Amino acid sequence: MLIRTMEEKEIDNFLGHASLGRIACESDGQPYIADAYFMWNPGFLYSFSAVGQKIQWMRANPRVCVQFEEIKGPQEWTTVIVLGVYEELAKTPEHEDLRKRAYTLLQKRAMWWEPATVRPNTEEAVESVYFRIRMDRKTGRCGIPEGRVTRESWIRRLARRHDSWSAGL
């Protein structure tokens, strides 16, 4: 297996088709990680969530880490890590355009709103928020079975995937 560091364009291509990620936050020295759906837009990851522990902790400490992965097998995988800052898109006139942008991006995925509006074992109304992660740094690595895929063919495959994704915008 060949493990290599991804180039920035490859990372952007990967983020362009990824949706489910894991977001890590911290409060009082205690880390917390949760699954969340995201949509990538250059420089940002947009999401929608119910207000709960994750949102409360990110409000208190906006420094976060988001991890995306695609695993096809033990020797064929991609992992991207994004370090950034949580920015809540409040229901205010100053955030209206950003909330519309988030909505437009997120609605490309079916049932995008459901995890943020459904609570187990209750019929109570759920407070939900749009937010985005301002990406400060991103890194990626991928595993490629030796002899099966060359670096150049891997880059071409990621570029085709991105081109097909961006054609749908």
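A nonpolar core is a set of buried Ala, Val, Leu, Ile, Met, Phe, Trp, Tyr and Cys residues joined through side-chain atoms within 4.5 Å. The exercises below use this term and concern a predicted model.

**Exercise 1. Describe the largest nonpolar core and find the elements that build it.**

Solution.

Step 1. The largest core holds 28 residues, and those touching the most other members are Ile23, Phe38, Leu45 and Ile133.

Step 2. Two or more residues each come from helix 1, strand 2, helix 2 (53-60), strand 6 (63-73), strand 7 and strand 8. Strand 8 gives the largest share, six residues.

Step 3. Take Phe38 and leave aside residues up to four places away in sequence: its contacts include Ile23, Leu45, Val66, Phe68, Phe131 and Ile133. Polar or charged residues also appear in the list of contacts, among them Ser19, Ser47 and Arg109.

Step 4. A separate core of nine residues lies apart from the largest one, and Tyr46, Leu89, Ala102 and Leu105 are among its members. Tyr46 is also one of the residues that Phe38 touches.

Step 5. As background, nonpolar side chains in soluble globular proteins tend to be buried together.

**Exercise 2. Work out which strands pair with strand 8, and in which direction they run.**

Solution.

Step 1. Strand 1 (residues 2-5) is joined to strand 8 by four bridges, and the two run antiparallel. In this pairing Arg4 stands opposite Cys142.

Step 2. Strand 5 (residues 44-50) is joined to strand 8 by seven bridges, again antiparallel. Here Ala50 faces Ser128.

Step 3. Strand 7 is joined to strand 8 by 13 bridges, also antiparallel. Val85 stands opposite Arg134 in this pairing.

**Exercise 3. Count the salt bridges, then examine three of them for distance, sequence separation and accessibility.**

Solution.

Step 1. The cut-off is a Lys or Arg side-chain nitrogen within 4 Å of an Asp or Glu carboxyl oxygen. The count comes to 12 salt bridges.

Step 2. Lys138 and Asp12 form one of them, with the closest N and O atoms 2.4 Å apart. This pair links distant parts of the chain: Lys138 belongs to strand 8 (residues 128-144) and Asp12 to helix 1 (residues 8-17), 126 residues apart. Buried means under 20% relative accessible area, so Asp12 at 17% is buried. Lys138, at 23%, is partly exposed.

Step 3. Glu87 and Arg134 meet in a salt bridge of 3.0 Å, N to O. These two residues also come from distant parts of the chain, Glu87 from strand 7 (residues 76-89) and Arg134 from strand 8, 47 residues apart. Glu87 counts as buried at 19% relative accessibility, whereas Arg134 is partly exposed at 32%. Through shared partners, salt bridges join Arg63, Glu87, Arg132, Arg134 and Asp136 into one network.

Step 4. Glu70 and Lys72 form a salt bridge in which the closest N and O atoms are 3.5 Å apart. Glu70 is partly exposed at 21%, and Lys72 is partly exposed at 47%.

**Exercise 4. Establish how many disulfides the structure contains, and state whether Cys25 and Cys65 are buried or partly exposed.**

Solution.

Step 1. A disulfide is a covalent bond between the sulfur atoms of two cysteines.

Step 2. A search of the whole structure finds zero disulfides.

Step 3. Cys25 is buried, with a relative accessibility of 4%. Cys65 is partly exposed, at 23%.

**Exercise 5. Locate the residue with an unusual phi in the loop between strand 2 and strand 3, and give its accessibility.**

Solution.

Step 1. Most residues other than glycine have a negative phi.

Step 2. Asp28 is not a glycine, yet its phi is positive, about 50°.

Step 3. Asp28 sits in the loop between strand 2 (20-27) and strand 3 (30-37).

Step 4. Exposed means over 50%, so Asp28, with a relative accessible area of 81%, is exposed.

**Exercise 6. Decide which element has the lowest mean pLDDT and which has the highest.**

Solution.

Step 1. The protein chain has a mean pLDDT of 86, and 82% of its residues reach 70 or more.

Step 2. Helix 4 (residues 114-117) has the lowest mean among the elements, 53, and strand 7 has the highest, 97.

Step 3. Where pLDDT is low, predicted coordinates should not be read in detail.

Definitions and conventions
Residues are numbered from 1 along each chain as its sequence is written. This is a predicted model: local features need pLDDT of at least 70, side-chain atom pairs count only at pLDDT 80 or more; totals for chains, interfaces and linings use all residues. Side-chain values use heavy atoms; hydrogens and water are left out. Buried means under 20% relative accessible area, exposed over 50%, partly exposed in between (1.4 Å probe, protein chains only). A disulfide is a pair of cysteine sulfur atoms within 2.5 Å. Two strands pair if DSSP finds at least two bridges between them. Contact means heavy atoms within 4.5 Å. pLDDT is the predictor's confidence in each residue, from 0 to 100.
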